[in-house]
Amino acid sequence: MKLKGIHHVSALTAKAPENFKFYTEVMGLRLIKKTVNQDDTSVYHLFYGDEKGNPGTELTFFEIPMAGRNHDGNNSISAISLRVKNDDALHFWKERLKEHGIESEHIKVRAGRNTLAFRDPEGQRMILVSDENNRGVAGGQPWSKSTTPEEYAVVGLGPVRLTVPAAEPTVGVLTELLGFKQTVSYEPEVEGQPEIIVLETGEGGSGAEIHVEERNDLPQERLGRGGVHHVAFRVDNEEELHEWIEKVKTSRFPNSGFVDRFYFKSLYFREPNRILFELATDGPGFDTDEELEHLGESLALPPFLEPHREEIEGKLKPLNTKQ
């Protein structure tokens, strides 16, 4: 059993229409599924990704209309990375973000790669990371109808940064339970703090890394719009997922057990610093109930919610997602 890399990251938005506009029109991602939060069907769950919504390219948002702003802090997923093909792409993105009124930092080396950090309109902490000379897990295929040129397009999810008051318990779960390997470390974001620890799984590379940042100067995060709900790791298939479920149970971590999300199967649990981890299968995939050409255009509901479609649609505000 070996996790293959990052599967998806799920964050919070208070405004689905504005979120859709930013991530499709500005960031050039494809909306691959417009569905609902299966735990609260009165709100949208939007999935963005590459041409097919391949595992490792999926950035998702739960819509929480009344959510207050995120209060950044410890015990959190403090940054999401998006991969681009090379260093030239970072220069393209710095100018593109500026044109759309989005401030960004200077291009900076993190863990040996050039990166560009910025915040989306709701304050979501994002880092564009260059795949120049990257090894390991391959990126996805940009959507042919993307608003950005293919040579500069986002090709998937990169390293996910966790910020915790004590790194050792989190690193222990990642290495001893989940099989990650600690590789290198790099200079902290804030002077006087410990170096950030890099861990990788599967074939490694930017699509298979977790960065653990220890901070002793922060309060606990209060999750809101612009915050991240959980990170999911790739499991090859359902049979292997059941093996992981048994391993997590044996390790005595409270967990969700098997969860059928229709587009993938999952297990959820929290590590000692209270960050929510998900293990998710690569399949069946997002073209299970929609033709590939029309992904994300209509409200998609898994079979167990389909009998309630009229009631669910009655509670949702219309969201025009024609791309």
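Visitor: Which residue stands opposite Leu82 in S9?

Guide: In this predicted model, Leu82 stands opposite Leu157 in S9.

Visitor: What makes S5 and S9 a pair of strands?

Guide: Pairing requires at least two bridges between the strands. S5 and S9 (residues 154-157) have 3 bridges and run in the antiparallel sense, so they satisfy the definition.

Visitor: Which residue is the bridge partner of Leu82 in S8?

Guide: In S8 the bridge partner of Leu82 is Leu128. S8 (residues 125-130) pairs with S5 over 5 bridges in the parallel sense. S5 is also joined by 3 bridges to S10 (residues 160-164), in an antiparallel arrangement, and there Ala79 stands opposite Arg161.

Visitor: Why is S5 described as largely enclosed by the rest of the structure?

Guide: A residue is buried when its relative accessible area is under 20%. In S5 (residues 76-84), 9 of the 9 residues are buried, so the strand is largely enclosed by the rest of the structure.

Visitor: Why is Arg125 called buried?

Guide: Arg125 has a relative accessible area of 10%. The limit for a buried residue is under 20%, so Arg125 is classed as buried.

Visitor: What does Arg125 touch, not counting residues up to four places away in sequence?

Guide: Arg125, which lies in strand S8, touches several residues, including Asn70, Asp72, Phe118, Arg119 and Gly226. Ile77, Ser78, Ala79 and Ile80 are also among them, as is Glu221.

Visitor: What makes the approach of Arg125 to Glu221 a polar contact?

Guide: The two side chains make this contact at 3.0 Å. The cut-off for a pair of N or O atoms is within 3.5 Å, so the distance meets that criterion.

Visitor: Why is the pair formed by Phe92 and Trp93 called edge-to-face?

Guide: A search of the whole structure finds 14 aromatic pairs. For Phe92 and Trp93, the ring centres are 5.6 Å apart and the planes stand at 85°. Pairing needs centres within 6.5 Å, and an angle over 60 degrees counts as edge-to-face, so both conditions are fulfilled. Trp93 has 0% relative accessibility and therefore counts as buried.

Visitor: How do you know that Phe262 and Tyr263 form an edge-to-face pair?

Guide: Their ring centres are 5.1 Å apart and their planes are at 70°, so the pair is edge-to-face. Both residues are buried. Ring pairs also link Phe262 and Tyr263 with Phe47, Phe264 and Phe286 into a cluster.

Visitor: What makes Glu105 and Arg110 a salt bridge?

Guide: Their closest N and O atoms are 3.4 Å apart. A salt bridge calls for a separation within 4 Å, so this pair qualifies. It is one of the 23 salt bridges found in a search of the whole structure.

Visitor: Are Glu105 and Arg110 buried, partly exposed or exposed, and how do you know?

Guide: Glu105 is at 41% relative accessibility and so counts as partly exposed, whereas Arg110, at 5%, counts as buried. The buried class ends under 20% and the exposed class begins over 50%.

Visitor: Why are Arg215 and Glu213 both classed as buried?

Guide: Arg215 has 11% relative accessibility and so counts as buried. Glu213, with a relative accessible area of 3%, is buried too. These two residues form a salt bridge with their closest N and O atoms 3.5 Å apart.

Visitor: Why are Glu311 and Lys315 said to be separated by about one helical turn?

Guide: They are 4 residues apart in helix H5 (residues 309-315), which means a separation of about one helical turn. An α-helix has 3.6 residues a turn, so residues three or four places apart point the same way. Glu311 and Lys315 form a salt bridge, with the closest N and O atoms 3.6 Å apart.

Visitor: Why is Lys315 called exposed and Glu311 partly exposed?

Guide: Lys315 has a relative accessible area of 51%, and exposed means over 50%, so Lys315 is exposed. Glu311 has 46% and is therefore partly exposed.

Visitor: Which residues are joined into one network by salt bridges that share partners?

Guide: The network joins Glu105, Lys108, Arg110, Arg161, Glu189, Glu213, Arg215 and Asp217.

Notes. Residues are numbered from 1 along each chain as its sequence is written. This is a predicted model: local features need pLDDT of at least 70, side-chain atom pairs count only at pLDDT 80 or more; totals for chains, interfaces and linings use all residues. Side-chain values use heavy atoms; hydrogens and water are left out. Buried means under 20% relative accessible area, exposed over 50%, partly exposed in between (1.4 Å probe, protein chains only). Helices (H or I, at least four residues) and strands (E, at least two) are DSSP runs, numbered from the N terminus. A polar contact is a pair of N or O atoms within 3.5 Å; within protein, one must be able to donate a hydrogen and the other to accept it, and residues adjacent in sequence count only if both atoms are side-chain atoms. Contact means heavy atoms within 4.5 Å. Rings of Phe, Tyr and Trp (its six-membered ring) pair if their centres lie within 6.5 Å; planes under 30 degrees apart count as stacked, over 60 as edge-to-face and the rest as tilted. A salt bridge is a side-chain nitrogen of Lys or Arg within 4 Å of a carboxyl oxygen of Asp or Glu.
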